[in-house]
Amino acid sequence: CLQTGSGKTFTITGGVERFGDRGLIPRSLSYLFQQYHKSPGTIFTTHISYLEIYNECGYDLLDPRHEMARLEDLPKVTLMEDRESVLHLRNLSLHPANNEEEALNWLFLGDTNRVMAETPMNMASTRSHCIFTVHISAREPSSQLIRRAKLHLVDLAGSERVGRTGVEGTLLTEAKYINLSLHFLEQVIVALSDKSRSHVPYRNSMMTSVLRDSLGGNCMTSMIATCSVEKRNIDETISTCRFSQRVALIKNEVRVNEELDPKLMVRQLRQQVAELREELSLATGGEERDGDLELAERERCERLVQDYLQDSSPEARLLVGGDMRKIQLCFSLLKARVKSPLLHTTPKTATPTNQPTVTADPRLEEVIRQRDEEINMLLKTLKQERRKIAELEARLRTTAPEERGGAGEEVEERKEERVKEERGTETTGEQEAGERKQAESRKAWKSELSRARQEAFDQFRRDCPIMDQVNQHKTDLRTKYSEAKALGEEVQSSRTTISEWGNLCASTTL
């Protein structure tokens, strides 16, 4: 806990009697503006905000509409988070500070609105946490890159042991909220100091949510622990030292906050467009080229495109001038011709005498003739194979209707046996010999047909361009099947080992 009456507020804000009693906030403001003067070529902007957290509710101490007002009249500050998890403080005003005097005036205005009360342990105890924030941005005059920084100067309220102080009513409620918020702050500090923890409870209180970037984010954090030297406060002193020790264990990786200023970029682009328009106006002799083209100009562009397409010379050029409107129109006409070439075919004209005639290359003609002969030979072979297969199928249908498969033969044989049983006739030796001869003939035709089909299939495999790829896929599938089988055996072995260990552990427990 951070004990009350130990000098926290005096360390942060300082005293008003002497200049040497200035606190950290006035000294920090003075140091910042001194650094500004050392870099005259850089543009610095500074804004001030002052947030008070009283009974877990936020208030804006610098609201210009409620100067020197009661706390209940000040606007409440609420926390809002966008889709990118960036925290925003609603109703918290930002005020520009062009020099050190303006920044100190905002500090003194906020201090007059703070909640103070007298307690048994402190005659002027601050009953709220206050966060004085300085927003700084720096930019070079000719650069779009802007650097941003945020400095939080926090004055924490001191905790009190209710059993020792014996406060009641409003003071008791304030003490409970102060102790609870400091407890949540300690939880965050413990989580940040422990690198093995992945969750940090920032959302438990408003103060830890606001200070999220200043505790574990892209920041450098410093803490000043004030302790009481009285012997009766030895327990609070030890607790404060342990808390500060945990804070010292936090290590953050800091980096420069740089980003492109979108407003400045838009302003520069608009200025560049205006300058380019002026240069274009000077280049065209003051002629305005913002409106639509006239009908005569459009017809001229169409004629130029038509002449360009009909000109077969490789040195033909499409010259329409430097007007971007005409150039875009010509591009549109060419695109329309490319998309619908049948609707815009150019008429065939005789070749001018002054243009060279294109002659065919004899080597190319020889290659084409050889390819045609190869294609004719392949077609002839394919027709012969098809004719042979058709003849075999026709002969098989006329001589052996049962060639459709083993199942069909069995069905036909069963039909013949039933017919024989119904007629009551017996098969003679001559009939059996004839049937055997017919069966042998069917088998011969089948074997010849199968051989012809196999030859055709082998011919297809030899000529197929993707057979090498198919064979490679087969090899890969065999390899993957072997690997999967080996992995399955390993899994089965591991499962058996686990079962044995489980049985052993169960027997040992019993």
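User: Why is Arg 18 called exposed?

Analyst: In this predicted model, Arg 18 has a relative accessible area of 57%. The term exposed applies over 50%, so Arg 18 is exposed.

User: What makes the contact between Arg 18 and Asp 21 a salt bridge?

Analyst: The side chains of Arg 18 and Asp 21 meet with N and O 3.1 Å apart. A salt bridge requires a side-chain nitrogen of Lys or Arg within 4 Å of a carboxyl oxygen of Asp or Glu; the value of 3.1 Å satisfies this cut-off, and the pair is therefore a salt bridge.

User: Is Asp 21 buried or exposed, and how do you know?

Analyst: Asp 21 has a relative accessible area of 15%. Buried means under 20%, so Asp 21 is buried.

User: How many salt bridges does a search of the whole structure find?

Analyst: The search finds 4 salt bridges. Among them is the pair Glu 258 and Arg 147, with the closest N and O atoms 2.8 Å apart. This pair links distant parts of the chain, 111 residues apart: Glu 258 belongs to strand 10 (residues 258-260) and Arg 147 to strand 9 (residues 145-155).

User: Why are Glu 258 and Arg 147 called partly exposed?

Analyst: Glu 258 has a relative accessibility of 40%, and Arg 147 has a relative accessible area of 47%. Partly exposed covers the values between under 20% and over 50%, so the term applies to Glu 258 and to Arg 147.

User: What makes Glu 186 and Arg 246 a salt bridge?

Analyst: Their side chains meet at 2.9 Å, N to O. That value is within 4 Å, so the pair is a salt bridge. Here too distant parts of the chain are linked: Glu 186 is in helix 5 (residues 170-193) and Arg 246 in helix 8 (residues 234-248), 60 residues apart. Both residues are partly exposed, Glu 186 at 25% and Arg 246 at 27%.

User: How do you know that the span of helix 8 agrees with what is expected?

Analyst: At 1.5 Å a residue, the 15 residues of helix 8 should span 21 Å. The end C-alpha atoms are 21 Å apart, so the two values agree.

User: Which residues of helix 8 are buried, and what puts them on the same side?

Analyst: The buried residues are Glu 236, Thr 237, Thr 240, Phe 243 and Val 247. They cover an arc of only 125 degrees around the axis, and therefore lie on the same side of helix 8. Arg 242, Gln 245 and Ala 248 are exposed on the other side of helix 8.

User: What is the volume of the largest cavity, and which element gives the largest share of its lining?

Analyst: The volume of the largest cavity is about 60 Å³. Helix 5 gives the largest share of the lining, 3 residues. The lining residues divide into 4 nonpolar, 4 polar and 2 charged. Glu 56 is one of the lining residues.

User: What is the phi of Glu 56, and where is Glu 56 placed?

Analyst: Glu 56 has a positive phi of about 65 degrees although it is not a glycine. Most residues other than glycine have a negative phi. Glu 56 is placed in the loop between strand 1 and strand 2 (57-60). Its relative accessibility is 29%; this value is neither under 20% nor over 50%, so Glu 56 counts as partly exposed.

Methods: Residues numbered from 1 in each chain as written. Predicted model: local features only at pLDDT ≥ 70, side-chain atom pairs only at ≥ 80, totals over all residues. Heavy atoms only, no water. Buried < 20%, exposed > 50% of the residue type's maximum accessible area, 1.4 Å probe, protein only. Helix = DSSP H or I, 4+ residues; strand = E, 2+ residues; numbered from the N terminus. 1 Å grid on protein atoms, 1.4 Å probe; cavity = no way out; pocket = protein on both sides within 12 Å on 5 of 7 lines; lining within 4 Å. Points joined across faces, edges and corners; volume = space filled by probe spheres on them. Nonpolar A, V, L, I, M, F, W, Y, C, P; charged D, E, K, R; others polar. Expected span 1.5 Å × (residues − 1). Arc of directions from axis to C-beta.
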